[in-house]
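Subject: Structure handover

Hello,

Here is the structure for you to look over. My notes follow below it.

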Amino acid sequence: MIDRLIIHCSATRRDQVVTVADIRRWHVDDNGWSDVGYHGVLHRDGRLEPGRSLSRMGAHVRGHNRGTLGLCLIGGHGSASTDKFMDHFTEAQRAQLATLCIWAQQATMTVHGHNEYAAKACPGFDVQEFLKGDVK
């Protein structure tokens with residue numbers, strides 16, 4: 001049973017175009033994984049691109065992949081876990097992420113940032129604060 005949505009960032013620059021194919025290559029070639037670790041990628045224009053099949057367990061949070069969906073936002077280079085969402089991401093991403101968080105919550109999932117599970121800046125903002133301000 002899927003009960004959590006975990007948000008990540010690609011840690012790429014604002015002007016860097018990144019596709020699921022790029023992330024898949026990083027994860028397969030560099031990490032030796034079988035596929036891209038995330039189930040979805042949220043592009044700077046707000047477009048959601050599928051990644052790993054939803055029928056397969058993700059590879060996005062060490063020790064916490066079972067029962068989770070991984071979503072990666074393109075951007076976030078140089079971010080800190082205490083930054084505000086709009087410091088590194090677009091309005092289109094904000095709107096789409098808010099919609100996805102509402103969907104997850106309606107599906108009885110909780111929503112988290114990667115930084116809630118590991119000592120990382122990823123996704124480059126505080127997801128719980130985002131939920132309070134952007135998800136109604």
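The salt-bridge count comes to eight. Please bear in mind that this is a predicted model. Side chains of opposite charge can pair when their charged atoms come close. I describe some of the pairs here, then the sheet.

**Salt bridges**

Start with Arg 4 and Asp 3. Their side chains form a salt bridge, with N to O at 3.3 Å. Arg 4 is buried, at 17% relative accessible area. The cut-off for buried is under 20%, so Arg 4 qualifies. Asp 3 is partly exposed, at 30%.

Next, Asp 35. Which residue does Asp 35 meet with its closest N and O atoms 2.5 Å apart? That partner is Arg 24. The two lie 11 residues apart and link distant parts of the chain. Arg 24 sits in helix H1 (20-30), while Asp 35 is in the loop between H1 and strand S2 (40-42). Asp 35 counts as buried because its relative accessibility is 11%, and the limit is under 20%. Arg 24 is partly exposed, with a relative accessible area of 30%.

Asp 35 also forms a salt bridge with Arg 56. Here the closest N and O atoms are 3.4 Å apart. This pair, too, links distant parts of the chain, with the two positions 21 residues apart. Arg 56 belongs to the loop between strand S3 (48-50) and strand S4 (68-73). Its relative accessible area is 34%, which makes Arg 56 partly exposed. Through shared partners, Arg 24, Asp 35 and Arg 56 become one salt-bridge network.

**The sheet**

Now the strands. Five of them make an open sheet, in the order S3-S2-S4-S1-S5. The pairing is mixed. Which strands stand at the edges? They are S3 and S5 (110-113). Each has a single partner strand, so one side of each has no neighbour in the sheet. Ignoring direction, neighbouring strands are turned by 25° against each other on average.

S1 (residues 4-9) and S5 run parallel, and four bridges join them. Within this pairing, Leu 5 has Val 111 in S5 as its bridge partner. Helix H2 (residues 91-106) packs on the sheet. Which strands does H2 touch? The helix touches S1, S2, S3, S4 and S5. The direction of H2 makes about 175° with that of S4.

If you open one site to begin with, try the network of Arg 24, Asp 35 and Arg 56.

Best wishes

Definitions and conventions:
Residues numbered from 1 in each chain as written. Predicted model: local features only at pLDDT ≥ 70, side-chain atom pairs only at ≥ 80, totals over all residues. Heavy atoms only, no water. Salt bridge = Lys/Arg side-chain N within 4 Å of Asp/Glu carboxyl O. Buried < 20%, exposed > 50% of the residue type's maximum accessible area, 1.4 Å probe, protein only. Pairing = 2+ DSSP bridges. Axes fitted to C-alpha atoms, helices over the stretch in contact; angles between N-to-C directions. Contact = heavy atoms within 4.5 Å.
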